[in-house]
Amino acid sequence: MTPEIRILRRPEELFQAAAELFVGAAQRAVADHGRFCVALAGGSTPRALYRLLAEERAWREAMPWEKSHFFWSDERHVPPSHEDSNFRVAMEAMLSNVLVPAANLHRIEGERERAEEAARLYERTLRESFGLAPGQFPCFDLALLGIGSDGHTASLFPGTPALDERDCLVVSNRVEKLRTERITFTVPTLNNAAHVVFLVKGEDKAAALAAVFEGPYEPAKFPAQLIRPVHGRLTVLADEAAAAGLARGGARAPAGDGCPSRN
Ligand code: 6PG
């Protein structure tokens, strides 16, 4: 699939474009099926987007917070109060500053002694939240992802076991180079989303972005290449610095913005 690649001149424009896309997806989802289910990205890049959504009046007032359900596409094996927690990043930058019901926050319990237990619990959370039958995957209205400078996304790191998982929704994943366990959505969970958006900023991502979208298909080396929505859309929002390695520049994606059967 050819992703829609949108290159924004400066980071401020990148995050405004991301906010517009995020709020638009939320409004369409609520109009279509009464709620918005989003999987938030971890890492540091989305923090500016989260702040914008909560602090800029136009976005804050346009977001259907009370009908939005927030999930995380991955989490570190740490408690929610830890500075590395993806949940904590989103809470501090956005969710603790808006009127979203606590029941709509579905965090990964990174504090569990075993990461595998946290993954199993989150799988149950997803199955219950989406009313899934065995073998079904959740269809997020929006899955927001980052890309690491090594081409990883979520906690799907190069050469790690989670890259090959096709049955579970969520798994724990040993990341030797970080000497840690992570909890992450699997490839089929991400690829079942109605719309996947990579939010990428900075020159340190230029080589990875070019390798993922214009290099040879080597998903073991560049796991972000595995993200190809089966029914949905794939969009890359990048600033010029991150897009500097792209030869082709922007490209339109085919329409297709939906879930096979709403769950
Ligand atoms: C995480 C993320 C990870 C992140 C990329 C980019 O838990 O770290 O899910 O996939 O999106 O590493 O991180 P930055 O935005 O900090 O560059």
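A residue is called buried when its relative accessible area is under 20%, exposed when that area is over 50%, and partly exposed in between, the area being taken with a 1.4 Å probe over protein chains only. By this rule Ala206, Ala208, Leu209, Ala210, Ala211, Val212 and Phe213 of helix H7 are buried, where helices (H or I, at least four residues) and strands (E, at least two) are DSSP runs numbered from the N terminus.

The structure is a predicted model, in which local features need pLDDT of at least 70 and side-chain atom pairs count only at pLDDT 80 or more, while totals for chains, interfaces and linings use all residues. Residues are numbered from 1 along each chain as its sequence is written, and side-chain values use heavy atoms, with hydrogens and water left out.

**The parallel sheet**

Strands of a sheet pair through backbone hydrogen bonds, either parallel or antiparallel; here two strands count as paired if DSSP finds at least two bridges between them. Six strands make an open sheet with parallel pairing, in the order S1-S9-S8-S5-S2-S3, and its edge strands, S1 (4–8) and S3, each pair on one side only. From one strand to the next the twist averages 20°, with axes fitted as lines to C-alpha atoms (for helices over the stretch in contact) and angles running from 0 to 180 degrees between N-to-C directions. Within this sheet, S8 and S9 are joined in the parallel sense by six bridges, and valine 196 stands opposite leucine 234 in S9.

Helix H7 packs on the sheet and touches S8 and S9, its direction making about 155° with that of S9. Seven of the nine residues of H7 (206–214) are buried, and what covers them includes strand S8 (195–200), strand S9 (233–239) and helix H8 (240–243).

**The antiparallel sheet**

Three strands form another open sheet, antiparallel and ordered S4-S7-S6, with S4 (74–76) and S6 (170–175) as edge strands that each pair on one side only. Neighbouring strands of this sheet are turned by 25° against each other on average, direction ignored. Six bridges join S6 to strand S7 (180–185), and arginine 174 has glutamate 181 in S7 as its bridge partner. Helix H5 (115–130) packs on this sheet, touching S6 and S7, and H5 also lies across strand S2 (36–40) and S3.

**Two loop residues**

The table sets out two residues found in loops on either side of S4.

| Residue | Loop | Relative accessibility |
|---|---|---|
| Serine 73 | between S3 (68–72) and S4 | 0%, buried |
| Histidine 77 | between S4 and H4 (86–93) | 25%, partly exposed |

Contact means heavy atoms within 4.5 Å. Leaving aside neighbours within four places in sequence, serine 73 is in contact with residues including Ala39, Leu144, Ile183 and Phe185, whereas histidine 77, with the same neighbours left aside, is in contact with residues including Gly110, Glu113, Glu181 and Ile183. Histidine 77 and glutamate 113 are 36 residues apart in sequence, and their C-alpha atoms are 8.5 Å apart in space.

**The largest pocket**

A pocket is an open set of points, on a 1 Å grid over the protein atoms alone, where a 1.4 Å probe fits and protein lies on both sides within 12 Å along at least five of seven lines; lining residues have an atom within 4 Å of a point. The largest pocket holds about 460 Å³ of space, and of its 26 lining residues the closest to its centre are Gly43, Ile147, Gly148, His152 and Lys205.

Terms used
Points joined across faces, edges and corners; volume = space filled by probe spheres on them.
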